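Q: Please take a close look at one part of this structure for me, and then set that part against the rest. I am new to it, so give each term as you go.

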Amino acid sequence: MNIAQILFFVSLLLPLHSSTTTEQQNSNAGGDGDTIIFTTLGRSRYEFDIFTLSTAQPPSVSGELRITDGASVNFNGYFPSPSPALISLLPDETLFQLEDSSPLHLIYVTERNGTSSVYYDLIYGVDSDSINKRRSMLEAPSRVQVPLLSGFDQPSGMTVNSFKDKPSLSGDFLVYVSTHENSGKPRTSWTAVYSTELRTGLTRRLTPRDIADFSPAVSPSGNFTAVASYGERGWTGEVEELSTDIYVFLTRDGTHRVKVVEHGGWPCWVDDSTLYFHRRSEEDGWISVYRAVLPENGPLTTESVTIRRVTPPGVHAFTPATSPNNHKFIAVATRRPGSDYRHVELFDLKRNEFIELTRLVAPESHHLNPFLSPDSTRVGYHSCRGEANGRRSPLLFLENIQSTTKDLSLFRIDGSFPSFSPGGDRIAYVRMPGVFVVKPDGSGRREVYNGMAFSTAWDPVRPGIVYSSSGPTFATERTSVDIISIDVDAADKSSSVRRLTTNGKNNAFPWPSPDGKLIVFRSGRTGHKNLYIMDAEKGERGGLWRLTEGAWTDTMCNWSPDGEWIAFASDRENPGSGSFELFLIHPNGTGLKKLIQSGTGGRTNHPVFSPDSKSLVFTSDYAGISAEPISNPHHFQPYGDIFTVKLDGSNLRRLTHNSYEDGTPAWSPRFIHPDDVVLHRRNVSSCSFDDCHWLSKYPTLKGRKISC
């Protein structure tokens, strides 16, 4: 068959596709709206709570206290010196009576009810006498919880949810990170530092426009704020330890902004002229903590600041924490050779030695981002609670994420590459290995294929048929990967799987035409990954037609429900660079056009059409990164939010705001009520996530390479 015949053959199918899809949409539409689900690597296993240990007593299991609620995902805490404005927010100020000698004040980031917020907790029963009186450390102290921030209203009248991070207090003002303002530029972070007056809610942006700031820290006097920032350079795609600089500005209004340190992250103050921060040493490659002393008189520049390395090589030390005027010790997170776990330690500034803490309490748990109380008597950090509170948190199959529109529900799924059945009554997804099918309410979960596979797509005509890619992910063109069809309702599992491609040359990402006759997929059979179309029932034996051709990668294809378009991701404008843009092409090979690009070197991947074929949902680094990657557990790429866009490139909308890796979205014509869905069967361990993989790559020490 020549190319003209191929184009004519495929073009004949377009009217049939449109007719079939219209009928299907009419029969499936719930009338209440749509649903988008997506994946976040490892997020369902976090179960973070904030814990505290005494810095004056030897660490022990009985001495560790959980100080957040044991139900939400709580992290990045801060022990404030309570101000009258903070106390005034309590529901009843009479609660601030000394039930014990010293109630604990805590400000922290929390993910609950489908959004990110900053909370203030007043916690009783933290003093040593109260701890000893409790029957066990599994009993939580009494607490009062007050939300400090809510969503931000935009001129359009919509409320925008956003990522919040690294809160601290400066008198009557809360200083923190938020991502609620669009940077207006592709592949540019939305992360900025804001100050909100607690009594009035009046909010001021402290970060200049067109700049992104991370990890703010307020000086003991409250006069100055330090941040990690790329300044005008902007983020260039780094995914490990960042090459940010340290800037200082006035907390009251963000003015008098000055760069004080070249290459540094996660700043913290001891006094108004002394900063600690982390960076990777250019001499030996170890991530270490450094001290910067700012001049008390004269101009403030990078040349006038004195910098000294504090922690020695041989151990990665990062995310330092200080307390006001404490020149005796700091707290740090560490990764030591021979250990897979991140721990919190003190570093004695007089003796220049580490003092272990959390490894002696929970050696096989990760402990992140320490912070010290104002009087230096307590160190806080967040860690996965697991069963430490006497009960396991329910594993959510679908976690509701607040959406800004009433006709769209948004969920994070515990799985990858989800797709909805034509009727919306079942979801297929992969666990790598394994393909699973489950009902939207979390019931009826079954494994239908036990091999390594990625991507899922339901046949729109043949009930119970799911297509997938059998083989390893992120593989070369010659790697053995084939398209398979799975009959998920077959009584005999031995005959439920059929292989549709036969040459094994990285055939992946199948998606059927809306009439079920054809499948578009990517293949590396010519040495380059391009798009092909084959017969849906007989596979490539029933006919194979090449859709795109070139020395680049076209991949992650999706066929529109009306049959008019195929969307895909491609690096064709810069082959081999890792930069992918979204393209559209008609099934007959005409009409190729680029839809969206995430700046120079950016990524836009995994496009999926809306049920009405007018929009796409996809994942992208269009909004850059939202936090220093070292402050989180492992993510292969610590960026990537879920966006939607119209097919003409208009109405680009960011749906998710976090510092994780969101990907592989799916769009259903059925509206799932925005409530969390608990997985009915839980046979996985909580807290089963990794620390940053790149922290396991240790530099050479005394002539030998150290690696875990």
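A: A residue is called buried under 20% relative accessible area, exposed over 50%, and partly exposed in between, using a 1.4 Å probe and protein chains only. Strands are DSSP runs of E with at least two residues, helices are runs of H or I with at least four, and both are numbered from the N terminus. This is a predicted model, in which local features need pLDDT of at least 70, side-chain atom pairs count only at pLDDT 80 or more, and totals for chains, interfaces and linings use all residues. Residues are numbered from 1 along each chain as its sequence is written, and side-chain values use heavy atoms, with hydrogens and water left out.

The part to look at is strand 29, residues 408–413. It is mostly covered, with 6 of its 6 residues buried. Its side chains point two ways. L408, L410 and R412 go one way, while S409, F411 and I413 go the other. Both sets are buried.

Now the partners. Two strands pair if DSSP finds at least two bridges between them. Strand 1, residues 34–40, runs parallel to strand 29, and 6 bridges join them. Here F38 stands opposite R412. Strand 28, residues 396–401, runs antiparallel to strand 29, with 4 bridges. In that pair, L398 faces I413. Strand 28 and strand 29 also form a hairpin, joined through 6 residues.

Strand 43 makes a useful second case. It covers residues 566–570, and 5 of its 5 residues are buried, so the rest of the structure largely encloses it. Both of its faces are covered: I566, F568 and S570 lie on one side, A567 and A569 on the other. Strand 42, residues 554–559, pairs with strand 43 in the antiparallel sense over 4 bridges. W559 has I566 as its bridge partner. The two strands form a hairpin with 6 residues between them, and G563 in the turn has a positive phi of about 80°. Strand 44, residues 581–585, is also antiparallel to strand 43, over 5 bridges. There A567 stands opposite L584.

One serine deserves a stop. S54 sits in strand 2, residues 48–54. It is buried, at 18% relative accessible area. A polar contact is a pair of N or O atoms within 3.5 Å; within protein, one must be able to donate a hydrogen and the other to accept it, and residues adjacent in sequence count only if both atoms are side-chain atoms. A polar atom of the S54 side chain lies 3.0 Å from the backbone nitrogen of A56. The same side chain reaches the backbone nitrogen of Q57 at 3.3 Å. Contact means heavy atoms within 4.5 Å. Leaving aside neighbours within four places in sequence, S54 is in contact with T377 and R378.

Cysteines come next. C557 is buried at 5% relative accessibility, and C692 is buried at 2%. A disulfide is a pair of cysteine sulfur atoms within 2.5 Å. By this rule the count is 0.

Last, the whole. The protein has 3 helices and 53 strands. Of its 708 residues, 60% are buried. Among contacts with a separation of 6 or more, 56% join residues 24 or more positions apart.
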